[in-house]
Amino acid sequence: PPSPPSTPPSPPIPPRLPPRPPAPPSPPPTPPPPCRCDVQWDAHLYDTRCTNQFGCPATSCDGDDPWCEVVSEDCTPTATVGKVASHWWSYCVPDSTCVKVHFGLVNPACPPPPFPPGSAPLPPPSPPPSPS
């Protein structure tokens, strides 16, 4: 009988590559900076008692926890437990410094300065130079 036709040998099977590791997760987006209160603000359209406000008042104009209008809407509002802030205002910690006058508006919550303007005591005079 005739011999069967010869078949070429099969090429070797390449080894299996290990699976690629998963891509690392993307870092979370950086949150915007904390909100800062505007120096002077007015929210009379929200509540007529909220006119001529300064920074973060110790007593809010509407009876809520202390809050203020913010300098930039691209900020992270301060959270108060169980309450949510908005894009134009934030709960805040009352100011430890006071801006007494801003654009001619007087902040009644600020204490008066210890000396009238221009009348602060002068420093003691410098001693005369010693002869060398």
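Tutor: A disulfide is a pair of cysteine sulfur atoms within 2.5 Å. The structure above is a predicted model, in which local features need pLDDT of at least 70 and side-chain atom pairs count only at pLDDT 80 or more, while totals for chains, interfaces and linings use all residues. Residues are numbered from 1 along each chain as its sequence is written, and side-chain values use heavy atoms, with hydrogens and water left out.

Student: How many disulfides does the structure hold?

Tutor: One of them pairs Cys37 with Cys68, and another pairs Cys50 with Cys61. Cys56 is joined to Cys92 as well, and the number of disulfides in the structure is three.

Student: Why is the disulfide of Cys37 and Cys68 left-handed or right-handed, whichever applies?

Tutor: The sulfur atoms of Cys37 and Cys68 lie 2.0 Å apart. The torsion about their S-S bond is about -80°, and therefore this disulfide is left-handed.

Student: How many residues apart in sequence are the parts that Cys37 and Cys68 tie together?

Tutor: Strands (E) are DSSP runs of at least two residues, numbered from the N terminus. Cys37 lies in the segment before strand E1 (40–41), whereas Cys68 belongs to strand E3 (residues 67–69), so the parts that this pair ties together are separated in sequence by 31 residues.

Student: Is Cys68 buried or exposed?

Tutor: Buried means under 20% relative accessible area, exposed means over 50%, and partly exposed lies in between, with a 1.4 Å probe and protein chains only. Its partner Cys37, with a relative accessible area of 22%, is partly exposed. Cys68 has a relative accessibility of 1%, so Cys68 counts as buried.

Student: What is the handedness of the link between Cys56 and Cys92?

Tutor: The distance from S to S in this disulfide is 2.0 Å, and both Cys56 and Cys92 are buried. With 90° about the S-S bond, the link of Cys56 and Cys92 is right-handed.

Student: Where in the chain does Cys92 lie?

Tutor: Cys56, to which Cys92 is joined by a disulfide, lies in the loop between E2 and E3. Cys92 itself lies in the loop between strand E4 (89–91) and strand E5 (101–102).

Student: Which elements give two or more residues to the largest nonpolar core?

Tutor: A nonpolar core is a set of buried Ala, Val, Leu, Ile, Met, Phe, Trp, Tyr and Cys residues joined through side-chain atoms within 4.5 Å. The largest one has ten residues in all, among them Trp67, Cys68, Trp89 and Tyr91. The elements that give two or more residues to this core are E3 and E4.

Technical notes
Helices (H or I, at least four residues) and strands (E, at least two) are DSSP runs, numbered from the N terminus.
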